[in-house]
Amino acid sequence: MDSAFLTTAQIDPVVHDAAHGDAAAVRALTRLIAPAIRKYCRSRLGRRDLGYVCADDVAQDICVAVLQALPHYRDRGGSFLFVVRAIASNKVADAFRRAARERSHPTPDPPDVPVDDRDDPERRLVNADLGHELGRLLRQLPRRQRDILVLRVVVGLSASETARALGLSPGNVRTSQHRALARLRSLATASPDSLQPP
């Protein structure tokens, strides 16, 4: 999500009251996050042919999931914006996975021109298997390292933004990221079939 569009200074002041059931704070929080989430979904999903999946529907799912997570949120020195970004990233990834499972293009005859192999079912299956294997390896990392990798690599936050979200220094984030990547490499090496496409 575009940090310039939604900032911790805007979102964090209302989170505490919203998390404790203040209806006005929940409405204010929803007004703050909904436009940023819609913009994020439209930029990620765009005009891709995803069957019945629509960017605005995914944005609505994200808003509902954020509000469901709100009562369980505990401020540990980070920002609630991290929670919003993580939920948004996961819901968009879910939309892509759902669309990949549901999509089919039946034709009476095979096409005469070569088909882009990015849309090939075998390629999608291989990528899904690689994603599951990467998830398995990530679960073997300590939680802090896993959170740093997800924020830095998947969500795309800078070291400074990640540091603010997790209550760390940017140097600590970089060091932990380096250690996490080294650990992932050693885990992947120890498991010879890991992350190797057939």
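Me: What pattern does the protein follow when read along the sequence?
Reply: In this predicted model, the protein reads α-α-α-α-α-α-α-α along the sequence, and the count behind that pattern is 8 helices and 0 strands.

Me: Why is threonine 162 called buried?
Reply: Threonine 162 has a relative accessibility of 0%, and a residue counts as buried when the value is under 20%, so threonine 162 meets the definition. Threonine 162 is found in helix H7, which covers residues 159-166.

Me: Which residues is threonine 162 in contact with, leaving aside its neighbours within four places in sequence?
Reply: The residues are Ile148, Leu151, Arg152, Leu157 and Val173, where a contact calls for heavy atoms within 4.5 Å.

Me: What makes the rings of tyrosine 73 and phenylalanine 80 a pair, and why is the pair called edge-to-face?
Reply: The structure holds 1 aromatic pair. The ring centres of tyrosine 73 and phenylalanine 80 lie 4.8 Å apart, and the limit for pairing is within 6.5 Å, so the two rings qualify as a pair. Their planes stand at 80 degrees, and an angle over 60 counts as edge-to-face, which is therefore the name that applies here.

Me: How do you know whether tyrosine 73 is buried or exposed, and what is the case for phenylalanine 80?
Reply: Tyrosine 73 has a relative accessible area of 16%, and because the cut-off for buried is under 20%, tyrosine 73 is classed as buried. Phenylalanine 80, with a relative accessible area of 0%, is buried as well. For the protein as a whole, buried residues make up 34% of the 198 residues.

Me: How much area does the protein expose, and what share of it do carbon and sulfur atoms supply?
Reply: The protein exposes about 12,400 Å², of which carbon and sulfur atoms supply 53%.

Me: What volume does the second largest pocket have, and which residues are the closest to its centre?
Reply: The second largest pocket has a volume of about 430 Å³. Of the 14 residues that line this pocket, Arg76, Phe82, Arg143, Asp147 and Leu166 are the closest to its centre.

Me: Which helices each supply at least two residues of that lining, and how do the lining residues divide by character?
Reply: Helix H4 (80-102), helix H6 (143-155) and H7 each supply at least two residues, and H6 gives the most, with 3 residues. The lining of the second largest pocket divides into 5 nonpolar, 4 polar and 5 charged residues.

How values were computed: Residues are numbered from 1 along each chain as its sequence is written. This is a predicted model: local features need pLDDT of at least 70, side-chain atom pairs count only at pLDDT 80 or more; totals for chains, interfaces and linings use all residues. Side-chain values use heavy atoms; hydrogens and water are left out. Helices (H or I, at least four residues) and strands (E, at least two) are DSSP runs, numbered from the N terminus. Buried means under 20% relative accessible area, exposed over 50%, partly exposed in between (1.4 Å probe, protein chains only). Rings of Phe, Tyr and Trp (its six-membered ring) pair if their centres lie within 6.5 Å; planes under 30 degrees apart count as stacked, over 60 as edge-to-face and the rest as tilted. Accessible areas come from the Shrake-Rupley method with a 1.4 Å probe; for residues, only the protein chains shown count as cover. On a 1 Å grid over the protein atoms alone, a cavity is a set of points where a 1.4 Å probe fits but cannot get out, and a pocket is an open set with protein on both sides within 12 Å along at least five of seven lines; lining residues have an atom within 4 Å of a point. Grid points are joined across faces, edges and corners, and a volume is the space filled by probe spheres set on the points. Ala, Val, Leu, Ile, Met, Phe, Trp, Tyr, Cys and Pro count as nonpolar, Asp, Glu, Lys and Arg as charged, and the others, Gly among them, as polar.
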